Amino acid sequence: MSSKPVVILGIESSCDDTSAAVIVNGKVLANIIANQKIHEQYGGVVPELASRAHLINILPTVDAALKKSGIAKNEISAIAYTRGPGLMGSLLVGSSFAKAMSLALDVPLIEVNHMQAHILAHFIDNHPKFPFLCLTVSGGHTQLVVVKNYFEMELVGETIDDAAGEAFDKAAKIMNLPYPGGPLIDKFGAAGNKDAFKFSRPNVPAYNFSFSGIKTSFLYFIQEQTPEFIEQNKNDICASIQHTIIICLLNKLIKAAEELGISEIAIAGGVSANSYLRKQLQNLAADKRWQLHIPAFEYCTDNAAMIAITGYHKFLNNEFSAQNLTATAKYNI
Ligand code: KG4
Ligand code: ZN
């Protein structure tokens, strides 16, 4: 039996982060992320600017990942890339780069679903037991997924309008904070009183979520205040809106865990970096005897290590993809 190590180069470019990672036999040797500061001033990601920044960043990012890992190009076993979901222009940069590199090196390609990868990021340095229930909360998605094995995932609930990360970012924008606002609301909210202000909460059936009503209620609240009031009460306002968003997420997670009888619980995606969510989950886990899995910070927001680990499991399962497979902006889990 061959003992040649499995070396996966992962490439992620679905939104506004260009990332490349190298993993060997499932162990991360490098995970390089180039953020795009250009979007801060616009209060959100501008797709055309994101594509152009990916074009500039992709080669140096892949180069840096290979250099850091100490892996030579001829040692790569396969190239895994994000096929979707995401911004079409951004996806095209990463997928075209991966395809060209696979042709040049004569190694197979592995297409990866970005949402599955957020979940499989858990297997980088941890191993939740199957089946587990994962709350994936990012800038574009809010999903409750029953993960049956590496490849079989059942979507049991999702947002009917805005994503949780989007709710954070829009609330921040309403307060004139730069994009992405989630981390700033987290930071200011940590020093505030979560019960200071009340915002309307949605009432959606089953395991689905809704955040657009919260955003509207927050917008009306802010419009009625003076700039001085907002500045003086910034921490309390952030703590209150953060509490409102997080409670909506947790209520559905509790409902699904109880009704589906699953106590192996995980969170994934950019919003899982939120410190209030992480703290509340730890309290809940102790109370409800959940086995809780929270990813390391670096694997919560978009990164190529999660693409590479997904590629690694697909490689072991002999799942390769064709050169003529196209990137796709919408891609069901
Ligand atoms: O997973 P991700 O990096 O990209 C997408 O696939 O969308 O998630 C980005 C989202 C943004 O909306 C950002 O504001 C949010 O994650 N986020 C946070 C925190 N860190 C990132 N939201 C709340 N608290 C945080 N600490
Ligand atoms: Zn993501």
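1. Asparagine 251 is partly exposed, because its relative accessible area of 42% falls in the class between buried, under 20%, and exposed, over 50%. This residue of the predicted model sits in helix H8, which covers residues 234-260. Its C-alpha atom is 47 Å from that of glutamate 75, and 176 residues separate the two along the chain.

2. Threonine 82 belongs to strand E4, residues 78-84. With a relative accessible area of 2%, threonine 82 is buried. Its side chain makes a polar contact of 2.6 Å with the side chain of glutamate 12.

3. Two cis peptide bonds should be checked by anyone who rebuilds or parameterises the backbone. One joins glycine 84 and proline 85, with omega at about -10°; proline 85 is in the loop between E4 and helix H2 (88-105). Another joins phenylalanine 130 and proline 131, also with omega at about -10°. Proline 131 is placed in the loop between H3 and strand E6 (132-137). For context, most peptide bonds are trans.

4. Positive phi values also deserve a look, since most residues other than glycine have a negative phi. Asparagine 176, which is not a glycine, has a phi of about 65°. It lies in the loop between H4 and H5, and at 72% relative accessibility it counts as exposed. Alanine 206 likewise has a positive phi, near 55°. Alanine 206 is found in the loop between H5 and helix H6 (212-223), and its relative accessible area of 47% makes it partly exposed.

5. Which protein atoms are donors to the zinc ion (ligand 2)? They are NE2 of His114, NE2 of His118 and an OD atom of Asp302, at 2.0 to 2.1 Å from the ion. Along the chain these donors follow the spacing H-x3-H-x183-D. Histidine 114 and histidine 118 are both in helix H3 (residues 114-120), four residues apart, or about one turn of the helix. Both histidine 114 and histidine 118 are buried.

6. Why is the zinc site classed as irregular? The angles among the four donor atoms of the zinc ion (ligand 2) run from 93 to 146°. The site is not tetrahedral because that class requires all angles to lie between 85 and 135 degrees. For reference, the ideal angle for four tetrahedral donors is 109.5 degrees.

7. Ligand 1 has 19 residues around it, of which Gly139, Asp169, Asp186, Asn274 and Asp302 come nearest. Asp302 is also one of the protein donors of the zinc ion (ligand 2). By class, the shell around ligand 1 is made up of 11 polar, five nonpolar and three charged residues.

8. Several polar atom pairs link the protein and ligand 1. Histidine 118, a zinc donor through NE2, has a polar side-chain atom 3.2 Å from an oxygen atom of ligand 1. A polar backbone atom of glycine 165 is 3.2 Å from an oxygen atom of the ligand. For aspartate 186, a polar side-chain atom lies 2.8 Å from a nitrogen atom of ligand 1. On its own, ligand 1 has 560 Å² of accessible area, and the protein covers 90% of that. H3, helix H4 (164-174) and helix H5 (182-189) are the elements that contribute two or more residues to the shell around ligand 1.

Terms used. Residues numbered from 1 in each chain as written. Chains lettered and ligands numbered in written order. Predicted model: local features only at pLDDT ≥ 70, side-chain atom pairs only at ≥ 80, totals over all residues. Heavy atoms only, no water. Donors = N, O, S within 2.8 Å, 3.2 Å for Na, K, Ca; no water. Tetrahedral: all angles 85-135°; square planar, octahedral: opposite > 155°, others 65-115°. Buried < 20%, exposed > 50% of the residue type's maximum accessible area, 1.4 Å probe, protein only. Near = heavy atom within 4 Å. Polar contact = N/O pair within 3.5 Å; in protein donor to acceptor, adjacent residues only side chain to side chain. Areas by Shrake-Rupley, 256 points an atom, 1.4 Å probe, with all protein chains shown as cover. Nonpolar A, V, L, I, M, F, W, Y, C, P; charged D, E, K, R; others polar.
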